[in-house]
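Please open the model in your viewer and keep the selection panel handy. We will go chain by chain, then look at where the chains meet.

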Amino acid sequence: MSSDAITIQGLQVQEKPWVDTLHEWVTTVDHKRLGILYIVYALVFLLLGGIEALIIRIQLMHSHNNFVSPQVFNRMFTMHGTTMIFFVVMPVLFGFANYLVPLMIGARDMAFPRLNAFSFWLSAFGGILLYFSFLGGSGLYGAGNAPDVGWWAYAPLGARAFSPGHSSDYWTLALLVSGFGSIGTAINIIATILCLRCPGMKLSRMPLLAWLNLVMAGMVLITITPLSAAQIMLLIDRYLGGHFFDTQAGGSAVLWMHFFWIFGHPEVYILMIPAFAFLSEIIPVFSRKPIFGYPVMVAATVSIGLVSTSVWAHHMFTVGMNSYANSFFAITTMAIGVPTGIKIFNWIGTMWGGRIQFKVPMLFCIGFLFQFLIAGLTGIMQAAVPFDWQLSLSYFVVAHFHYMIVGAILFALFGAFYYWYPKMTGRMLSERLGKWHFWFFLIGFHLTFDVMHVPGLLGMPRRIYTYEPGRGWDTLNLIVSIGAFIQAIAVLVFVWNLISSYFKGAKAGNDPWDAWTLEWSTSSPPPAYNFATVPIVASRRPLWDLKHPEDPDSQYE
Amino acid sequence: MFALSSVLLPPRALAEHTHAPLTSIFSPESTPAKSILDLSTFVLVITGIIFVVVVTLLGYSILKFRATSVNADREPAQVYGSNQIELAWTIIPVLIVVVLFLATARVIHAIQDAPEPAGAVEVTAIGHQYWWEFRYPKLGIVTANELHIPVSDPSNPTPTFLRLLSADTDHSFWIPELAGKTDLVPNHPNRMWIDPHRTGIFLGQCAQYCGTQHAKMLLRVSVDSPQDFAAWVRGQQQAAVQDSSAMAGRQIFEHTACINCHTVSPTPADGRFGPDLTHLMSRTTIAAGAAENTPENLRLWIQNPDAIKPGSLMPAMKLSDADLDAVAIYMETLR
Amino acid sequence: MSAAAISVVEIPKAWSLPYRGKVAMACLIIAESAIFTIFVVAYLFYLGKSLTGPTPREVLETPIFFTICLLSSSITVHFAGKSLERNNRPAFLALWSLTIILGGLFLFGTGQEWYRLIYEHGLTISTNLFGTTYYSLVGLHAFHVSAGLIMLTIVLIFGLAGRVDKDQFRRIDVLALYWHFVDAVWVVVFTVVYIVGR
């Protein structure tokens, strides 16, 4: 069935004025457009967060450097962390979820299109509010600028006494606002998946991307909210004279840590699970086999979601909890390695016996597998609590979590970009530029983050604007910084690829990858209504069934 | 161009530093750090084996199952899963977790719940923005930033037990060669112990971001022989040296705001907001390790702390040059 | 091309999925429960830890009457919904109004209690840990009651204008679910503050 454009001869079509196009985009409630808005928004903040990272790395290139003052440095690492987590990774993942989930379940849009738009603009406003702090943070007292309390804003550093002016307020309010946007999107994703699946698509037939985003959205509901609660408490302390975290009045700094990490740990699984979703869609297509062990993949993800709510204090092993508490969090943290490891095995099991095509999406997925394995293992090392008493708060941890967020999540995201960009724009991204992007980024990544473990082992703490010579950290930091610049070049190559392919890329057609899920049955890009007729499905791979009527999946499920 | 090169090339260091051995967590000189090394070696071996196994499987699958021109046109066998294989790769990781956990729990208890023996030295460490206060309650000593403790003989241990408190924000006490780090949290006293097995200087620094000058809240532990430690204790227990040649400086010191923050016992100066200066010259560095304890640095610090440690909480005292010289001379008599 | 999909597959006999409004409200309730849980945890953690000032035992009076008001409003809102389902609009409007009145009484009671605590006992949010945690927790709940009352009133206005009938039942039911949640939270807050905490 053709969904190519029908050409009517002799018809004059007026160009739509650009103002009208702009208006459409600003007022859209279409999940696909909102998805793209989220993604473009995230890319802009990726560049901002990346600049902050480069400033950090230039300052740390050698000991006693004075590229920036300590005050500026402390703002840089606070803003870098806050930006990357809340205004890059979360929006880009929400963007992909927004775009793909309705298409993959055969729906015409999300359950609540206007809530969808509202949530996007709320989150977008949060990011702008955060960055306004550079200008407006000076407040009435003349003190303060961008927030500089670290992205965790530990008590009592975030209290009025130690954080005068309004910089910490910008941190609090920006995250509170964008947090409500995230909750709105999560509600939308859950309602969409539970209520709008096309006929025949039982939950056990949903693509894994839908399942994993369902789990992620459920986690958002109970994860972001503890942070919101803690931030409301912080505002009460800062503005109404409250004592929630006021140690002088008997309050507890450790309570803030508990509340923060009850959010903070599941949050990183919220970031990781959609990355798992990308892998689970891309690897099967480029291995030419279905995902190995679909039911277990679902069960493992659900158990990761559940167990992740019980591991939070592994960020607090040095805080002085008693040995029983430390042991409890050690075992839950080690336990979560089991379902996570299972997923790695299932992905390799998918590749095993396949016919692997090394297109750019698959290259990034293979990078993910290698790096996620290493990151998981350095995580297990830190779960061995006494080992963590050395590793915690040092550059070893910084290397570990960047391995997770950059080496795993960002690699998966790059794969997702190359895989679904054709669907979103109708054009293929350049394979040649993609390979340059991949190899440059891989080399830069490993140069930076492999080496970064070593200063941690040699005693270099995190969040220091400078360090002493003679500790043996100089050369290592120099190498780390060089790797950062190589990654920056690779990202620029990527951005160039995104832009130039939009105009000059090969036409993609409906299904450039010969894939099996419903989004590939529509045109590229899909029409506003997604499907002319609502599809009816009988298996997990409806397009496989169509392409292989002699051997459909529906026979085996 | 000049700015770029000043950023890329190391400047002359503000302070000369002795080339101490690298403060690696893999060169322990104290029981807690040694137990940690043993555990971490065990963990590294296990994770190393897992790494090798999985990377081999990954590498093999990439090489063996790539699409070639021969097989590219046919779809491979569509395998959905395998119960036996999936069970196996669930059970084995569970067993690994159990083993790792038991090893970990043992060391947690050994370090955290170790009882304090009778001969232990007791130190109370109080974290400040951005310096360390050390009190030896049983010995009547108060000092700052540089900790002196006796070496501990394994056959007759004299460990040091530290009580960790904070006067303001969170800090963390980390000397990698001696122990894992423990935080100093206000309103949440903590406890840790070290028993260094050799004499020498051990370096570390604050590991929990505590504000602007977190980076220069350095630690210097001097592990002394029993005789040297006893001599040091005696010296610290003395009253401040009264040197008549420094009378002018002492007058200025005691009539300026200095005494609101600093203590020189037993003079009227009894402030506790800043480090105790009674035996300032017994320390090798000032400003919590940010500068060597030399007359020039001392004078510069009093004149303009931000020149050495921008953002530290000591204000520039705006003394005239003459007053500054006098006060610096007075400081230099506080041996 | 969807036509081709149909020929391979039998059309499922009945394909009915949950109402999206109910699902969304359930999700919101889950999220809000997490927020309240954190405030309850802070309240419980800080019991007995105030360094100064009045203690709960000294100043709190159990608000039995106003609690009954609020909990009864759950019953009235439930029967209001049932009436609407049977298209009994007068009964619906009466019971719905009663719900709003009972909720309003509860808020009045909270205000009265706060007035007494502030002016007779000098307990404010900045007095001590008890003051901070008490006003935050009860205040967060009162805020949710207020938001609920506003929404209930909006529905009442439309109801009085004749725009609410049996076809809107599903949507009324979603709002009623929120109201039940607000009441359930009060059961927890009441137990924690006035029973356990004293």
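Two strands pair if DSSP finds at least two bridges between them. Helices (H or I, at least four residues) and strands (E, at least two) are DSSP runs, numbered from the N terminus. The model is predicted, and local features need pLDDT of at least 70, side-chain atom pairs count only at pLDDT 80 or more, while totals for chains, interfaces and linings use all residues. Residues are numbered from 1 along each chain as its sequence is written, and chains are lettered from A and ligands numbered from 1 in the order in which they are written.

**Stop 1: the sheet in chain B**

Select β4, β10 and β9 of chain B, which form an open sheet of 3 strands in that order, with mixed pairing. Which strands stand at the edges? They are β4 (146–150) and β9 (200–205) of chain B, each with a single partner strand, so one side of each is left without a neighbour in the sheet. From one strand to the next the twist averages 25 degrees. (Axes are lines fitted to C-alpha atoms, for helices over the stretch in contact, and angles run from 0 to 180 degrees between N-to-C directions.)

Now colour β9(B) and strand β10 (residues 218–224) of chain B: they run antiparallel and are joined by 6 bridges. In β10(B), B:Val223 is the residue opposite B:Gly200. Add helix α4 (residues 226–237) of chain B, which packs on the sheet and touches β4 and β10 of chain B. The direction of this helix makes about 130 degrees with that of β4(B). Contact here means that the C-beta atoms of two residues, placed from the backbone, lie within 7 Å.

**Stop 2: strand β5 of chain B**

Select residues 160–166 of chain B, which are strand β5, and show the side chains. In a regular strand the side chains alternate between the two faces of the sheet. Which residues of β5(B) point to the buried face? B:Thr160, B:Leu162, B:Leu164 and B:Ser166 do, and they are buried, while B:Phe161, B:Arg163 and B:Leu165 point to the other face and are not. A residue is buried if 20 or more other C-beta atoms lie within 10 Å of its own, exposed if 12 or fewer, and partly exposed in between, with C-beta atoms placed from the backbone.

β5(B) has partners to show as well. Strand β1 (residues 121–128) of chain B runs parallel to β5(B), with 7 bridges between them; there, B:Glu122 has B:Phe161 as its bridge partner. Strand β8 (residues 190–194) of chain B pairs with β5(B) in the antiparallel sense over 5 bridges, and B:Leu162 is partnered by B:Met192.

**Stop 3: chain A**

Hide the other chains and look at chain A, with its 17 helices and 0 strands. Its radius of gyration, 24 Å, is close to the 24 Å that the globule rule gives for 557 residues, so chain A is as compact as a globular protein of that length. (The radius is taken over C-alpha atoms, and the rule is 2.2 Å times the number of residues to the power 0.38.) Buried residues make up 65% of chain A.

Next, select helix α4 (residues 113–136) of chain A, whose end C-alpha atoms are 33 Å apart, in agreement with the 34 Å expected for 24 residues at 1.5 Å a residue. (The expected span is 1.5 Å times one less than the number of residues.) Buried residues of α4(A) include A:Phe120, A:Gly126, A:Gly127 and A:Leu130. Among the elements covering them are α2 (31–59), α3 (70–104) and α5 (167–195) of chain A.

**Stop 4: chain C**

Switch to chain C, which has 7 helices and 0 strands. Its radius of gyration is 22 Å, well over the 16 Å that the globule rule gives for 198 residues, so chain C is more spread out than a compact globule. Along its principal axes the C-alpha trace spans about 75 × 45 × 20 Å, and buried residues make up 35% of chain C.

**Stop 5: where the chains meet**

Show everything again. Of the 2 pairs of chains in contact, chains A and B share the most contacts: 84 residues of chain B touch 86 residues of chain A. On the chain B side, α3(B) gives the largest share, 15 residues.

Chain A also meets chain C, with 45 residues from chain A and 35 residues from chain C. Here α6(A) gives the most to the chain A side, 10 residues. Chains B and C have no contact, and their closest C-alpha atoms lie 12 Å apart.
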